[in-house]
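I'm opening a fresh page for a structure I haven't looked at before. I'll jot down what I look up as I go.

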Amino acid sequence: MHTILRLVEAVILMFAAGIISGKWFSLEKAKSFSINRSMFRNRYFWLGVGVALVFLFSDYSFAHYNSLPL
């Protein structure tokens, strides 16, 4: 159950980071950004998802490294 909860939280984090980065960069370039199916074609959305994946991987690696016995 704990693993399923962590996966759901990871998906939510990736989706939220994608929406935030897509909105941020579209405001910077004065383009429209709407939450619909075309959002998945926006490269800035996928940039945010990539950043979230890097964060999740580094968080997992750091937690694993610190849990090793000395």
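First, a term I need: I call a residue buried when its relative accessible area is under 20%, exposed when it is over 50%, and partly exposed in between. I also note that this is a predicted model.

**Overall make-up.** I looked up the secondary structure and got 2 helices and 0 strands. The protein has 70 residues, and 21% of them are buried. Its exposed area is about 6,000 Å², with carbon and sulfur atoms supplying 71%. I then checked contacts between residues at least 6 apart in sequence: 54% of them join residues at least 24 apart.

**Helix H1.** H1 covers residues 2-28. Which of its residues are buried? I found Ala 10, Met 14, Gly 18, Ile 19, Ser 21, Gly 22 and Ser 26. Next I checked the length of H1. With 27 residues at 1.5 Å a residue, the helix should span 39 Å, and the end C-alpha atoms are indeed 39 Å apart, so the two agree. After H1 comes Ala 30, and I noted that its phi is positive, near 60°.

**The core.** Which residues form the largest nonpolar core? I listed 6 residues: Met 14, Ile 19, Met 39, Phe 45, Val 49 and Ala 52. Both H1 and H2 put at least two residues each into this core. H2 gives the largest share, with 3 residues. My general reminder here is that in soluble globular proteins, nonpolar side chains tend to be buried together.

I picked Ala 52 out of the core and looked up its contacts. Setting aside neighbours within four places in sequence, Ala 52 touches Leu 13, Met 14 and Ala 17.

**Phe 55.** This residue sits in helix H2, which runs over residues 43-66. Is Phe 55 buried or partly exposed? I put Phe 55 down as partly exposed, because its relative accessibility is 48% and that class lies between 20% and 50%. I also looked up its distance to Met 14: the two are 41 residues apart in sequence, yet their C-alpha atoms are 9.7 Å apart in space.

**A surface patch.** Back in H1, I looked at Ile 4. Ile 4 counts as exposed because its relative accessible area is 53%, and the cut-off is over 50%. I found that Ile 4 belongs to a nonpolar patch on the surface, together with Val 8 and Ile 12. Together these three residues have about 280 Å² of accessible area.

Terms used: Residues numbered from 1 in each chain as written. Predicted model: local features only at pLDDT ≥ 70, side-chain atom pairs only at ≥ 80, totals over all residues. Heavy atoms only, no water. Patch = residues over 30% accessible without salt bridge, like charges linked within 9 Å, V, L, I, M, F, W, Y side chains within 5 Å. Areas by Shrake-Rupley, 256 points an atom, 1.4 Å probe, with all protein chains shown as cover. Salt bridge = Lys/Arg side-chain N within 4 Å of Asp/Glu carboxyl O. Helix = DSSP H or I, 4+ residues; strand = E, 2+ residues; numbered from the N terminus. Buried < 20%, exposed > 50% of the residue type's maximum accessible area, 1.4 Å probe, protein only. Contact = heavy atoms within 4.5 Å. Core = buried A, V, L, I, M, F, W, Y, C linked by side-chain atoms within 4.5 Å. Expected span 1.5 Å × (residues − 1).
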